[in-house]
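Student: Hi, I've got a structure open and would like to talk it through with you. Can we go piece by piece?

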Amino acid sequence: IGVIDAPLQILYTPTAAYIGIVYCYQPFMVLPLYANLVKLDNRLLEAAYDRGAKPWQAFLRITLPLTRTGIIAGCMLV
């Protein structure tokens, strides 16, 4: 697709190790977040939108505080 001109030389480098660690531990962060987001009541977000909140405001004031336990659990696992 023409994004880069030459192959990346990352084999046996710290960057390759970081990519592998993130790839391996990603489910341990995503699964607690998903479990917490499934339990989130959508009526809270609808009420925020009805009161004029923008999507990022609703995220910061409703979704983020209610998913704090999932974020903490994921961070502890990772």
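Tutor: Happy to; we'll go through helix packing, a few individual residues and a salt bridge. Keep in mind that this is a predicted model.

Student: How do helix 3 and helix 4 cross, and at roughly what angle?

Tutor: Helix 3 covers residues 55-66 and helix 4 covers residues 68-77. Their axes come within 4 Å and cross at roughly 50 degrees. That angle is neither under 35 degrees nor in the 65 to 115 range, so helix 3 counts as oblique to helix 4.

Student: Which residues make the contact?

Tutor: Helix 3 contributes Leu64, Pro65 and Leu66, while helix 4 brings Arg68, Thr69 and Ile71. By class, that contact has four nonpolar residues, one polar and one charged.

Student: Let's stay with Ile71. Is it buried, exposed or partly exposed?

Tutor: Ile71, in helix 4, is partly exposed, because its relative accessible area is 28%.

Student: And what does Ile71 touch, not counting residues up to four places away in sequence?

Tutor: Ile71 touches Met29, Leu33 and Leu64 on that count. There is also a pairing with Pro32 to look at: Ile71 and Pro32 are 39 residues apart in sequence, yet their C-alpha atoms are 7.3 Å apart in space.

Student: Where is Thr67?

Tutor: Thr67 sits in the loop between helix 3 and helix 4. With a relative accessible area of 4%, Thr67 is buried, because the cut-off for that is under 20%.

Student: What does the side chain of Thr67 reach?

Tutor: The Thr67 side chain reaches the backbone oxygen of Thr63, at 2.8 Å. Leaving aside neighbours within four places in sequence, Thr67 is also in contact with Leu33, Asn36 and Leu37.

Student: Asn36 caught my eye there. Which helix does Asn36 lie in, and is Asn36 buried or exposed?

Tutor: Asn36 lies in helix 1, which covers residues 14-38. Asn36 counts as buried, because its relative accessibility is 12%.

Student: Which residues is Asn36 in contact with?

Tutor: Setting aside neighbours within four places in sequence, Asn36 is in contact with Leu66, Thr67, Thr69 and Gly70. Leu66 belongs to the helix 3 side of the contact we began with, and Thr69 to the helix 4 side.

Student: New topic. How many salt bridges does the count come to?

Tutor: The count comes to one salt bridge. Arg43 forms it with Asp41, and the closest N and O atoms are 3.1 Å apart.

Student: How exposed are Arg43 and Asp41?

Tutor: Arg43 is exposed, with a relative accessible area of 62%. Asp41 is partly exposed, at 31%.

Student: Back to helix 3 for a moment: what is the side chain of Gln57 up to?

Tutor: A polar atom of the Gln57 side chain lies 2.9 Å from the backbone nitrogen of Lys54. Gln57 itself lies in helix 3 and is partly exposed, with a relative accessible area of 25%.

Student: And how far is Gln57 from Leu77?

Tutor: Their C-alpha atoms are separated by 28 Å, with the two positions 20 residues apart along the chain counted as the offset from Gln57 to Leu77.

Student: Last one: what is phi of Tyr12 near?

Tutor: Phi of Tyr12 is near 65 degrees, a positive value in a residue other than glycine. Tyr12 lies in the segment before helix 1, and Tyr12 is exposed, with a relative accessible area of 79%.

Terms used: Residues are numbered from 1 along each chain as its sequence is written. This is a predicted model: local features need pLDDT of at least 70, side-chain atom pairs count only at pLDDT 80 or more; totals for chains, interfaces and linings use all residues. Side-chain values use heavy atoms; hydrogens and water are left out. Axes are lines fitted to C-alpha atoms, for helices over the stretch in contact, and angles run from 0 to 180 degrees between N-to-C directions. Helices (H or I, at least four residues) and strands (E, at least two) are DSSP runs, numbered from the N terminus. Angles under 35 degrees count as roughly parallel, over 145 as roughly antiparallel, 65 to 115 as roughly perpendicular and the rest as oblique. Contact means heavy atoms within 4.5 Å. Ala, Val, Leu, Ile, Met, Phe, Trp, Tyr, Cys and Pro count as nonpolar, Asp, Glu, Lys and Arg as charged, and the others, Gly among them, as polar. Buried means under 20% relative accessible area, exposed over 50%, partly exposed in between (1.4 Å probe, protein chains only). A salt bridge is a side-chain nitrogen of Lys or Arg within 4 Å of a carboxyl oxygen of Asp or Glu. A polar contact is a pair of N or O atoms within 3.5 Å; within protein, one must be able to donate a hydrogen and the other to accept it, and residues adjacent in sequence count only if both atoms are side-chain atoms.
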